[in-house]
Amino acid sequence: MTMGPDLRIATLNDARSRRSAEKRAAVEDAIMRLRDTRQAVTFVSVAREAKVSRQYLYNNFADEIGEERVETRAETEVIDGKKVPLRTPEEYRHIEAALRNKIERLETELRDARAERAKADRTAERERGKAEHWRQLYTAVLARVSPGQSPEPLPSSED
């Protein structure tokens, strides 16, 4: 039994190749899981799924993941009857945040528009009240000026 540097080097080489094989298998499994769940295959998603660094992927799987990215970018899924490109979870989070901001802005605009409409309705009602008041005064004055005669009709607002 030799316990020299050769055995230690062989042991370290075995451990390194075993770790490398485990990482490679984890990356390949991650790519397959992402494909099976119809998620976009990107360096970030594969690194997260396989629990490896992105640099490891860039160094060892750049071509494979690059091809997968091109393929998955071309894939679409149907959501509510519309075809949309396959997206990563990060892209979905960004889209959701943008849509939430837009909804919030539109709700604020709707609230403001409703307040303006209510104000315009109050103003219109007040003006209608004033017009009715002046019509009654006009009718009363005409009745006093010419008793027994029916008052002449008011000129139409179209004239």
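## A tour of the largest pocket and a helix crossing

The largest pocket holds about 190 Å³ of space. The model on screen is predicted.

**Stop 1: the pocket lining.** Select I79, D80, K82, V84, P85, R87, Y92, I95, E96 and L99; these residues line the largest pocket. Colour the selection by residue class. The lining then divides into 6 nonpolar and 4 charged residues, with no polar ones.

**Stop 2: the elements behind the lining.** Keep the pocket residues shown and add β2 (82-85) and α5 (89-145), the elements that each give two or more residues to the lining. Which element gives the most to the lining of the largest pocket? The answer is α5, with 4 residues.

**Stop 3: the two domains.** Give domain 1 (7-85) one colour and domain 2 (88-144) another. Each of the two supplies at least three residues to the lining of the largest pocket.

**Stop 4: a helix crossing.** Leave the pocket and select helix α1 (residues 5-36) together with helix α2 (residues 43-50). Their axes come within 8 Å and cross at roughly 115°. Is the crossing of α1 and α2 left-handed or right-handed? This crossing is right-handed.

**Stop 5: the contact between α1 and α2.** Show side chains where the two helices meet. On α1, select A26, V27, A30, I31, R33 and L34. On α2, the contact residues are S45, V46, E49 and A50. Coloured by class, the contact of α1 with α2 has 7 nonpolar residues, 1 polar residue and 2 charged residues.

Definitions and conventions
Residues are numbered from 1 along each chain as its sequence is written. This is a predicted model: local features need pLDDT of at least 70, side-chain atom pairs count only at pLDDT 80 or more; totals for chains, interfaces and linings use all residues. Side-chain values use heavy atoms; hydrogens and water are left out. On a 1 Å grid over the protein atoms alone, a cavity is a set of points where a 1.4 Å probe fits but cannot get out, and a pocket is an open set with protein on both sides within 12 Å along at least five of seven lines; lining residues have an atom within 4 Å of a point. Grid points are joined across faces, edges and corners, and a volume is the space filled by probe spheres set on the points. Ala, Val, Leu, Ile, Met, Phe, Trp, Tyr, Cys and Pro count as nonpolar, Asp, Glu, Lys and Arg as charged, and the others, Gly among them, as polar. Domain bounds come from an automatic or database domain assignment. Axes are lines fitted to C-alpha atoms, for helices over the stretch in contact, and angles run from 0 to 180 degrees between N-to-C directions. A crossing is left-handed if the near helix is turned anticlockwise from the far one by less than a right angle, and right-handed if clockwise. Contact means heavy atoms within 4.5 Å.
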